[in-house]
Amino acid sequence: MLAKKIGDGFRMWMPNMPMMMTSATNATLNEPAKATFRVLPRMTKHEIKEYLTKIYGLPVHKVNTMNYMGKRKIVRGTRNVLYFKYKDFKKAVVTFDKSFTDVGMGMSIPEIDDDEADEAY
């Protein structure tokens, strides 16, 4: 982490990097668990790995990235023609260690799950 000395204290750099998980697969006998994220184009493989290991404590083995250009669109009206472009993005495919088997795409809350089970009977 980057830190600057200011007066008597330190100012820590905190990441402002949104990562959106688009898909995930659990580990099988032949393949490790994988997850796909949509990240900012300026993020590097090293930053993605550091982000997931230090903030979320995930055992990342490998990161593959792909850059995508945003789609260009044309909207034709009666008087004007509008041109616009969606934002560029980067897609990161993260492969986890063999020790990490369940990606856990859902969230379970024990209190709610127990209530739903009681209502079913």
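Two strands pair if DSSP finds at least two bridges between them. The exercises below use a predicted model.

**Exercise 1. Establish how β6 and β7 are related, and describe the link between them.**

Solution.
- Step 1. Take strand β6, residues 72–76, and look for bridges to β7. There are five, and their sense is antiparallel.
- Step 2. Apply the cut-off of at least two bridges. With five bridges, β6 and β7 therefore pair.
- Step 3. Pick one bridge: R76 has V81 of β7 as its partner.
- Step 4. Trace the connection. Four residues carry the chain from β6 to β7 in a hairpin.

**Exercise 2. Place this hairpin in the order of elements along the chain.**

Solution.
- Step 1. Count the elements: the chain has two helices and eight strands.
- Step 2. Read from the N terminus: β-β-β-β-α-β-β-β-β-α.
- Step 3. Turn to contacts between residues at least 6 apart in sequence. Of these, 55% join residues at least 24 apart.

**Exercise 3. Determine which side of helix α1 faces the strands, and which strands these are.**

Solution.
- Step 1. List the buried residues of α1, which spans residues 45–55: I48, Y51 and L52.
- Step 2. Check their directions around the axis. They lie on the same side of α1, because their arc is only 85°.
- Step 3. Find what they pack against: β4 (34–39), β5 (60–68) and β8.
- Step 4. Look at the other side of α1. There H46 and K54 are exposed.
- Step 5. Follow the chain out of the helix. Just after α1, G57 has a positive phi of about 70°.

**Exercise 4. Compare the settings of T95 and T65: is each buried or partly exposed?**

Solution.
- Step 1. Locate them. T95 is in strand β8, residues 89–96. T65 is in strand β5.
- Step 2. Classify T95. Its relative accessible area is 6%, so T95 is buried.
- Step 3. Classify T65. Its relative accessibility is 26%, so T65 counts as partly exposed.
- Step 4. List contacts beyond four places in sequence. T95 touches P32, A33, K34, V60, H61 and K62. T65 touches K45, I48, K90, K91 and A92.
- Step 5. Add a distance. The C-alpha atoms of T65 and M43 are 9.6 Å apart, with their positions 22 residues apart in sequence.

**Exercise 5. Find the salt bridges and give the exposure of their partners.**

Solution.
- Step 1. Fix the number: the structure holds three.
- Step 2. Take K54 and E50, whose side chains meet at 3.1 Å, N to O. They are four residues apart in α1, so about one helical turn separates them. K54 is exposed at 59%, while E50 is partly exposed at 30%.
- Step 3. Take K85 and D88, with closest N and O atoms 2.6 Å apart. K85 is partly exposed at 34%, and D88 is partly exposed at 32%.
- Step 4. Take K34 and E31, with closest N and O atoms 4.0 Å apart. K34 is partly exposed at 31%. E31 is partly exposed at 45%.

**Exercise 6. Describe the surface, including its nonpolar patch.**

Solution.
- Step 1. Start with the whole chain. Its accessible surface is about 10000 Å², and carbon and sulfur atoms account for 54% of that.
- Step 2. Note the buried share: 20% of the 121 residues.
- Step 3. Name the patch members: V75, L82, F84 and Y86. Together they have about 380 Å² of accessible area.
- Step 4. Focus on Y86, in the loop between β7 (81–85) and β8. At 45% relative accessibility, Y86 is partly exposed.

Definitions and conventions
Residues are numbered from 1 along each chain as its sequence is written. This is a predicted model: local features need pLDDT of at least 70, side-chain atom pairs count only at pLDDT 80 or more; totals for chains, interfaces and linings use all residues. Side-chain values use heavy atoms; hydrogens and water are left out. Buried means under 20% relative accessible area, exposed over 50%, partly exposed in between (1.4 Å probe, protein chains only). Contact means heavy atoms within 4.5 Å. Accessible areas come from the Shrake-Rupley method with a 1.4 Å probe; for residues, only the protein chains shown count as cover. Patches are made of residues with over 30% relative accessible area and no salt bridge: like charges are joined within 9 Å, nonpolar side chains (Val, Leu, Ile, Met, Phe, Trp, Tyr) within 5 Å. The arc is that of the directions from the helix axis to the C-beta atoms.
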